[in-house]
Amino acid sequence: MTEEAQALKKRTIDAIIDIEGGYSDHPADSGGATMYGITEAVARAAGHTGPMRDLPRPLAFQIYVARYWNPLRLDDIAALSVPIAAELADTGINMGPPTAARFLQRALNALNQGGRAFADVAVDGVAGGGTVTALQTFLRARGEKGERVLLRALNCLQGARYIALAENREKDEAFVFGWLEHRVVV
């Protein structure tokens with residue numbers, strides 16, 4: 001991995017950790033106690049044995065890389081588009097990598113001109129080679145304008161998901177304003 005790619009990963013994940021903030025144990029949060037947005041269950045699975053308030057930031061960073069960045073193939077995606085990689089990282093961390101991958105797959109399928117630009121990709125929640133190739137083909141054909149439109153599509157899907165969560169689980173209304181404020185960026 002190039003120094004530039006490593007720096008991008010660090011900047012992106014550090015920015016997400018900053019948005020997630022420090023320790024929280026909100027009664028409406030299904031994840032329970034969190035530190036840097038990492039739930040206790042995830043921290044324990046990564047080997048953290050101490051109080052959640054003491055979760056080291058470097059361990060949180062490692063968790064984000066292993067559980068969210070790598071499964072979404074964000075090194076490959078960042079080589080094509082830094083903004084798309086950053087958006088998918090944020091969505092993957094907040095909603096899970098399969099959801100972020102499905103958002104990308106759905107958006108690419110909707111933007112492939114009825115299959116004339118490239119074949120539909122499976123909406124399977126796995127950011128595999130076909131998804132990365134479709135993204136590359138899309139960006140090559142549509143350029144910067146296409147990148148902006150795809151970012152809007154990803155944010156629309158993310159925002160719609162937040163609204164649906166709040167509609168379906170009243171307790172999520174405690175978080176929807178912040179989710180929309182910090183995570184849906186146009």
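Gln-113 is partly exposed, because its relative accessible area is 35%, a value that falls between the 20% limit for buried residues and the 50% limit for exposed ones. This residue of the predicted model is placed in the loop between α6 and α7. Although Gln-113 is not a glycine, its phi is positive, at about 55°.

A positive phi also occurs at Tyr-36, which is likewise not a glycine and has a value of about 60°. Tyr-36 is found in a loop as well, the one that runs between β2 (34–35) and β3 (38–39). Its relative accessible area is 15%, and Tyr-36 is therefore buried, since the limit for that class is under 20%.

These two loops belong to a chain whose secondary structure consists of eight helices and three strands. In sequence order, the pattern reads α-β-β-β-α-α-α-α-α-α-α. One helix thus precedes the three strands, and the other helices follow them.

The overall dimensions of the protein chain can be considered next. Its radius of gyration is 17 Å, which agrees with the value near 16 Å that a compact globule of 186 residues would have. Along the principal axes, the C-alpha atoms fill a box of roughly 55 × 40 × 25 Å. Among contacts with a separation of 6 or more, 54% join residues that are 24 or more positions apart in the sequence.

The chain may also be described by its interior and its surface. Of the 186 residues, 44% are buried. The protein chain exposes about 9600 Å², and 53% of this area is supplied by carbon and sulfur atoms. The chain carries 20 positive and 22 negative charges, and the mean positions of the two groups lie 5 Å apart.

Within the interior, the largest nonpolar core comprises 54 residues, and the members that touch the most others are Ile-77 and Leu-150. Two or more residues of this core come from each of the helices α1 (3–20), α2 (40–45), α3 (57–69), α4 (74–80), α5 (82–95), α6 (97–110), α7 (129–168) and α8 (173–183). Helix α7 gives the largest share, with 12 residues. When residues up to four places away in sequence are not counted, Ile-77 touches Leu-72, Ile-84, Ala-85, Leu-88, Leu-104, Val-132 and Leu-135.

Two further helical residues complete the picture. Val-149 has its place in helix α7. The relative accessibility of Val-149 is 33%, so this residue counts as partly exposed. Val-149 is 78 residues from Pro-71 in sequence, and the distance between the two in space is 24 Å, C-alpha to C-alpha.

Ala-15, for its part, lies in helix α1. With a relative accessibility of 38%, Ala-15 also counts as partly exposed, because this value lies between the limits of 20% and 50%. Ala-15 and Ala-101 are 86 residues apart along the chain, and their C-alpha atoms are separated by 20 Å.

Definitions and conventions
Residues are numbered from 1 along each chain as its sequence is written. This is a predicted model: local features need pLDDT of at least 70, side-chain atom pairs count only at pLDDT 80 or more; totals for chains, interfaces and linings use all residues. Side-chain values use heavy atoms; hydrogens and water are left out. Helices (H or I, at least four residues) and strands (E, at least two) are DSSP runs, numbered from the N terminus. The radius of gyration is taken over C-alpha atoms; the globule rule is 2.2 Å times the number of residues to the power 0.38. Buried means under 20% relative accessible area, exposed over 50%, partly exposed in between (1.4 Å probe, protein chains only). Contact means heavy atoms within 4.5 Å. Accessible areas come from the Shrake-Rupley method with a 1.4 Å probe; for residues, only the protein chains shown count as cover. Lys and Arg count as positive and Asp and Glu as negative; His and the chain ends are not counted. The place of a charge is taken as NZ of Lys, CZ of Arg, CG of Asp or CD of Glu. A nonpolar core is a set of buried Ala, Val, Leu, Ile, Met, Phe, Trp, Tyr and Cys residues joined through side-chain atoms within 4.5 Å.
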